[in-house]
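Welcome, and thanks for opening your viewer. Could you keep a selection box handy while we walk through the model stop by stop?

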Amino acid sequence: MEREKLVALIRERQSYLCVGLDTDLYKMPHHLRGNAAAIFDFNKAIIDATRAVCVSYKINTAFYEALGVKGWEAMEKTVHYIGNEHFKIADAKRGDIGNTSRQYARAFFENLPFDAITVAPYMGEDSIKPFLEYKDKWTIVLGLTSNKGAQDFELQKCGNELLYEKVIQKVSAWGTHHNLMFVVGATQADEFTHIRELIPDHFLLVPGVGAQGGSLKEVSEKAMNADCGLLVNASRAIIYASDGEDFEAAAGGVAGEYQKEMAVYL
Ligand SMILES: O=C(O)c1cc(=O)[nH]c(=O)n1[C@@H]1O[C@H](COP(=O)(O)O)[C@@H](O)[C@H]1O
């Protein structure tokens with residue numbers, strides 16, 4: 001998907017919500033729980049309930065890979081079901097020597113119709129380049145993550161700067177704001193203003209609102225740019241809003257609340 005189309009979808013739906021399909025066999029509603037065959041049905045219901053109020057879906061591949069072939073099949077069906085009017089992210093956190101990254105890129109961009117993939121930057125330029133070679137596809141590089149472990153490397157000093165700052169500056173020279181995004185956790189609100197100084201134009205994928213406690217208001221006020229420049233993800237807070245038979249309506253309700261708040265900031 002081109003940047004122009006993504007921005008147009010955000011304007012049209014007044015939303016920069018990304019619904020995270022972290023579908024866990026043991027957290028699904030009681031009547032579906034433990035049934036791998038029900039994963040697609042669950043996702044389909046969530047997508048139907050949230051389509052109108054979000055612009056993106058993020059499929060965290062771990063939840064599907066954990067189930068072997070059945071999980072992978074459910075992921076395939078899900079990404080096709082989403083269609084072309086939403087920005088489809090494979091949250092796979094890949095990255096390897098160039099020759100291997102090329103295969104990951106084929107898996108998610110050719111074999112499957114994802115618009116974007118999350119990638120870890122640790123192995124450097126040749127590990128990221130193969131993803132950037134695809135037209136209208138996006139590479140979403142981990143910048144400053146939402147978890148406690150961000151302290152271990154990302155927030156450590158590296159010369160005169162923090163490691164995550166070095167990563168963002170260096171990686172941003174390998175692509176453009178038309179094919180590169182960065183992950184910045186909503187729990188890292190103190191750093192948002194500074195990150196916008198480093199990369200004013202890039203889109204940021206921001207997980208960490210909802211279950212991890214990050215503030216949509218703070219993220220939006222500090223990090224929105226002229227094109228919005230944000231995709232804010234919530235997974236558990238939306239898809240497990242209810243564990244009863246009303247899960248679909250409950251998910252739609254929570255996603256709708258996020259959208260209403262986003263419309264105010266846009
Ligand atoms: O790359 C990610 O999406 C990601 C990066 C990060 O720093 N923190 C983070 O939580 N995530 C992912 O974002 C989602 C957050 O899920 P919830 O906490 O349930 O909303 C999960 O799929 C995480 O794997």
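## First stop: a residue before the barrel

Select Gln-14: with 16 other C-beta atoms within 10 Å, Gln-14 is partly exposed, because that count falls between the limits of 12 or fewer for exposed and 20 or more for buried. Please keep in mind throughout that this is a predicted model. You will find Gln-14 in the loop between helix 1 (3-13) and strand 1 (17-20). Now check its backbone torsion: phi of Gln-14 is near 50 degrees, a positive value in a residue other than glycine. That deserves a glance, since most residues other than glycine have a negative phi.

A second residue of this kind is Lys-93, so select it next. Its phi is positive too, at about 45 degrees, although Lys-93 is not a glycine. This residue sits in strand 3 (residues 87-94). Is Lys-93 buried, exposed or partly exposed? It counts as partly exposed, with 16 C-beta neighbours inside 10 Å.

## The barrel

Now show the strands as a cartoon. Which strands close into a barrel, and in what order? Eight of them do, in the order 1-2-3-4-5-8-9-10, and the pairing is parallel. On average, neighbouring strands of this sheet are turned by 30 degrees against each other, direction ignored.

If you want the annotation on screen as well, colour residues 16-251: an unreviewed UniProt entry annotates this stretch as "domain: Orotidine 5'-phosphate decarboxylase". The span is 37% helix and 20% strand, and its end C-alpha atoms lie 16 Å apart.

## Strand 5 and its two partners

Select strand 5 (residues 138-144). Seven of its seven residues are buried, so strand 5 is largely enclosed by the rest of the structure. One partner is strand 4 (residues 116-119), which pairs with strand 5 in the parallel sense over four bridges. To see one position of this pairing, pick Ala-116, which stands opposite Trp-138 in strand 5. Follow the chain between the two strands: it leaves strand 4, passes through helix 6 (residues 125-132) and arrives at strand 5, and this β-α-β crossover is right-handed.

Strand 8 (residues 180-184) also pairs with strand 5; five bridges join them, and they run parallel. Click on Ile-140 here, and then on its bridge partner in strand 8, Met-181.

## Strands 8, 9 and 10

Move on to strand 9 (residues 203-207). Five of the five residues of strand 9 are buried, so this strand, too, is largely enclosed by the rest of the structure. In a regular strand the side chains alternate between the two faces of the sheet. Show the side chains of strand 9 and look at both faces: Phe-203, Leu-205 and Pro-207 are on one side, Leu-204 and Val-206 are on the other, and all are buried.

Strand 8 pairs with strand 9 in the parallel sense over three bridges. Here Phe-182 stands opposite Leu-204 in strand 9. Together with helix 8 (residues 192-198), strand 8 and strand 9 make a right-handed β-α-β unit.

Next come the four bridges that join strand 9 to strand 10, which run parallel. Two pairs are worth labelling: Val-206 has Val-232 in strand 10 as its bridge partner, and Pro-207 has Asn-233. The chain crosses from strand 9 through helix 9 (residues 216-223) to strand 10, and this β-α-β crossover is right-handed.

## Around the ligand

Now centre the view on the ligand. Which residues around it come nearest? Of the 20 residues there, they are Thr-145, Ser-146, Pro-207, Ser-235 and Arg-236. You have already met Pro-207 as a residue on one side of strand 9.

Colour the shell by residue class and you should find five nonpolar, twelve polar and three charged residues. Strand 10 (230-234) and helix 10 (236-239) each supply at least two residues of this shell.

## Last stop: a long distance

To finish, select Leu-67 in the loop between helix 3 (61-65) and helix 4 (69-82). Leu-67 is partly exposed, with 16 other C-beta atoms within 10 Å. Draw a distance from its C-alpha atom to that of Glu-125: the two residues are 58 apart along the chain, and their C-alpha atoms are separated by 32 Å.

Technical notes:
Residues are numbered from 1 along each chain as its sequence is written. This is a predicted model: local features need pLDDT of at least 70, side-chain atom pairs count only at pLDDT 80 or more; totals for chains, interfaces and linings use all residues. Two strands pair if DSSP finds at least two bridges between them. A crossover is right-handed if, with the strands pointing away from the viewer, the path from the first strand over the helix to the second runs clockwise. A residue is near a molecule or strand if its C-beta atom, placed from the backbone, lies within 6 Å of it. Ala, Val, Leu, Ile, Met, Phe, Trp, Tyr, Cys and Pro count as nonpolar, Asp, Glu, Lys and Arg as charged, and the others, Gly among them, as polar. UniProt positions are given in the numbering used here, feature names are shortened, and annotations may be inferred rather than shown by experiment. Axes are lines fitted to C-alpha atoms, for helices over the stretch in contact, and angles run from 0 to 180 degrees between N-to-C directions.
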